[in-house]
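Dear colleague,

Please find the sequence and the structure below. My notes on the ligand site and on the aromatic rings follow.

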Amino acid sequence: MESSAKRKVLLGVTGGIAAYKSCLLLRRLVEAGCDTRVVMTRHATHFVGPLSFSTLSGHPVAADPFESYQVDGAEHVDLSVWADQFVVAPATANILAKSATGIADDFLSTLICAYDRPILFAPAMNHRMWSNAAIRRACGQLQEDGHVLVEPGAGWLACGETGAGRMAEPEFIHEHLDWLWHRTSLLQGRRVLISAGPTVEAVDEVRVLSNRSSGRMGFALARAAQRMGAEVRLVAGPVELPTPLGVCRRDVRSAAQMAQAMLEEAATADVVIMCAAVADYAPEAISGKRKKDGSPWQLSLLPTVDILRELGALPGRETRIIAGFALEMERELEQAREKLQRKGLDFICLNNPRTEGADFGSTQNQITLLDRDGTVQEWPLMDKLLVAERILRHAALRLGNMA
Ligand code: C5P
């Protein structure tokens with residue numbers, strides 16, 4: 001994640017088997033450019049050796065009993081001043097209860113007590129401990145105090161039982177941090193609807209027609225909109241991508257299903273962005289499986305519904321932003337401008353998969369944004385999340401002008 005660069009992150013590790021997963025979290029943070037320091041409780045050192053954490057962070061680990069520990073000349077509790085972000089993962093029942101009541105009886109709990117900003121806790125424990133009334137109260141108190149809890153998942157627990165209590169996966173904890181660090185209020189109170197990915201059209205009951213869209217651009221839009229404070233709905237064709245945090249996702253397959261989902265969801269949306277690569281033609285699907293008999297197979301393709309045009313005809317159009325994407329390989333600007341007008345859009349994002357670094361499935365994109373007011377903005381090749389943020393800023397600006 002590009003976004004964690006140069007942040008000072010203090011990772012507190014407590015005594016649970018999930019401590020090994022914290023090594024992976026630490027590695028992600030280091031790879032993302034964070035400056036990291038690790039504090040372990042005495043129990044944590046029984047599960048994973050401090051050497052693992054010091055090797056990954058590149059700094060000595062502070063572990064109980066209190067040891068001489070220096071950060072730029074500062075010691076002990078000064079670590080809590082040094083850190084921009086404090087993460088406790090795994091957070092045992094013990095540390096949650098102590099943090100909620102202000103008990104400071106070892107190095108980590110002292111730092112927690114001395115830290116004056118929101119801490120992110122990733123609880124991990126046996127499912128009966130997780131549902132224990134005292135732990136429920138502690139979690140409620142921590143949230144009331146402004147801290148963030150990354151809920152544990154349900155599943156197999158190291159104690160051999162199954163239930164809720166498994167620490168959230170490192171990438172999910174990192175995603176939470178990324179969200180905490182980048183949320184803004186530009187689209188606060190707005191409803192944003194995004195479509196993403198390819199559609200898949202059945203040829204018969206076995207074969208399909210589809211395209212190479214990865215869904216990354218649409219998912220980046222959903223993620224960016226959520227970080228900007230919007231309530232986000234994502235209608236996704238079949239893709240292998242995790243749902244961005246806090247986003248409400250609806251999965252579809254065909255162009256017809258996507259049309260139905262988008263038209264239902266759009267009625268209450270302030271911003272609608274059709275980023276999906278919707279099939280323009282779909283076969284008249286046949287039942288069963290067509291036999292291979294050596295003769296040519298002529299497919300009859302029928303045009304699909306143009307979702308954008310239908311969206312434009314919904315009531316409330318005058319207070320809603322509707323935008324689309326255009327994938328063009330020749331006479332790009334001319335074609336995009338024509339599409340902008342024909343589909344009655346507020347703006348259109350033109351991309352060309354032949355652009356070096358912006359081909360199908362890439363994590364980057366190069367966009368030229370054409371607005372209905374005639375302005376054209378050509379942006380450089382950027383990470384899709386940054387592209388998404390720019391697109392949404394443009395949408396927010398247009399919405400603001402409407403009000
Ligand atoms: O006409 P064309 O498919 O090139 O237009 C691309 C834009 O139109 C994209 O925003 C795409 O999501 C949208 N689209 C649509 N309904 C279709 C086909 C494309 O809304 N059936």
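For the composition given next, Ala, Val, Leu, Ile, Met, Phe, Trp, Tyr, Cys and Pro count as nonpolar, Asp, Glu, Lys and Arg as charged, and the others, Gly among them, as polar. By that scheme, the shell around the ligand comprises eight nonpolar, two polar and four charged residues. This is a predicted model, in which local features need pLDDT of at least 70 and side-chain atom pairs count only at pLDDT 80 or more, while totals for chains, interfaces and linings use all residues. Residues are numbered from 1 along each chain as its sequence is written, and side-chain values use heavy atoms, with hydrogens and water left out.

The ligand is surrounded by 14 residues (each with a heavy atom within 4 Å of the ligand), and the closest are Met 274, Ala 276, Val 305, Phe 325 and Lys 339. Three of these residues make polar contacts, that is, pairs of N or O atoms within 3.5 Å. A backbone N or O atom of Val 305 is 2.7 Å from a ligand nitrogen atom. For Phe 325, a backbone N or O atom lies 2.8 Å from a ligand oxygen atom. In Lys 339, a polar side-chain atom is 2.4 Å from an oxygen atom of the ligand.

The structure also holds one aromatic pair (ring centres within 6.5 Å). The rings of Phe 86 and Tyr 115 have centres 5.3 Å apart and planes at 85 degrees, so the pair is edge-to-face (planes over 60 degrees apart).

Yours sincerely

How values were computed. Polar contact = N/O pair within 3.5 Å; in protein donor to acceptor, adjacent residues only side chain to side chain. Phe/Tyr/Trp six-rings, centres within 6.5 Å; stacked < 30°, edge-to-face > 60°.
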